[in-house]
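Trainee: I should like to examine this structure with you, one element at a time. May I put my questions once it is displayed?

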Amino acid sequence: SDGAPAWCYDLGEVVLPKADLRVDALSDATRARARRSLASCGFVYLDDWLQAGHVARLRSAYDAWAASDAAAEFAYPVIGDGRTEHVLPFAPPFNDSSVYAEPILRALLESYLGPEYKLDLMTVIRAPPGAGDQSWHQDWRYLFHPDEVLPPYALVLGLPLGDVDPSMGPTEFCAGKKRRYYYGWRCERPVRVGSTAGSAVLFDYNL
């Protein structure tokens, strides 16, 4: 009912396992799986993409920075009561290229977007227990017209800074739905996947 093939709800199809996420073994088949999932479902999961210790260090650095006076200048509008969001300063350790320019990520981005793209921004959203739900939304406005049909032009990388189980309310996706909800459409069958620290999800800007 949401325009997505049935396999979009099969983790074996939409999750790239850690064994396939090696720079020396990122096969054409793995790239093709990622492109297929992004194009048809709108998302693909990267299982244990980064080491958990690396993610823990990023979280610790963010927690310390967010508690400082400097963070107030980097507040960013966020959907959902009780949530906060910060744009990260392009400074250590947040500008560490081992995240935003990690070779496997770059290979997947280039496979979907082409060889030229730019990093728009990096933010952290904090949703403590009891925070309100986000409403269904796409991440940004259309480039030209509400009924536009364009090649892919942007992706989002979601990297939870810790383990996320289903009871914590992980980000939900409406598989295959790449149009605004202003028409009154709703998601009949959302995808909601828990993950471990170091796992990530790539999703199309229009999802």
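Trainee: How many bridges join strand β2 to β8?

Mentor: This is a predicted model, in which local features need pLDDT of at least 70 and side-chain atom pairs count only at pLDDT 80 or more, while totals for chains, interfaces and linings use all residues. Residues are numbered from 1 along each chain as its sequence is written, and side-chain values use heavy atoms, with hydrogens and water left out. Strands are DSSP runs of E with at least two residues, helices are runs of H or I with at least four, and both are numbered from the N terminus; two strands pair if DSSP finds at least two bridges between them. Strand β2 covers residues 43-46 and runs antiparallel to β8, and the bridges that join them number four.

Trainee: Which residue of β8 stands opposite L157?

Mentor: Strand β5, residues 155-158, pairs with β8 in the antiparallel sense over four bridges. V44 has its bridge partner in β8, namely L202. The residue of β8 opposite L157 is likewise L202.

Trainee: How many residues of β8 are buried?

Mentor: Buried means under 20% relative accessible area, exposed means over 50%, and partly exposed lies in between, with a 1.4 Å probe and protein chains only. On one side of β8, A200, L202 and D204 are buried, and on the other side V201 and F203 are buried, which leaves both faces covered. The strand is largely enclosed by the rest of the structure because the buried residues number five of the five.

Trainee: Which element gives the largest share of the largest nonpolar core?

Mentor: A nonpolar core is a set of buried Ala, Val, Leu, Ile, Met, Phe, Trp, Tyr and Cys residues joined through side-chain atoms within 4.5 Å. The largest one has 23 residues, and those with the most contacts inside it are L16, L46, W49, L108 and L202. Two or more residues each come from α2 (28-40), β2, α3, α5 (103-113) and β8. The largest share, six residues, comes from α5.

Trainee: With which side chain does the side chain of S199 make a polar contact?

Mentor: S199 lies in the loop between β7 (191-192) and β8 (200-204), and S199 is buried at a relative accessible area of 4%. A polar contact is a pair of N or O atoms within 3.5 Å; within protein, one must be able to donate a hydrogen and the other to accept it, and residues adjacent in sequence count only if both atoms are side-chain atoms. At 3.3 Å, the partner of the S199 side chain is that of D47.

Trainee: Is D48 buried, partly exposed or exposed?

Mentor: D48 is placed in the loop between β2 and α3 (52-66). Although D48 is not a glycine, its phi is positive, at about 50°. Its relative accessibility is 30%, so D48 counts as partly exposed.

Trainee: What is the omega of the cis peptide bond that joins P92 and P93?

Mentor: P93 has its place in the loop between β3 (84-87) and α4 (97-100). For the cis bond between P92 and P93, omega is about -5°.

Trainee: What is the radius of gyration of the protein?

Mentor: The protein has five helices and eight strands. The radius is taken over C-alpha atoms, and the globule rule is 2.2 Å times the number of residues to the power 0.38. For 207 residues the rule gives 17 Å, and the protein's value is close to this, so the protein is as compact as a globular protein of that length, with a radius of gyration of 17 Å.
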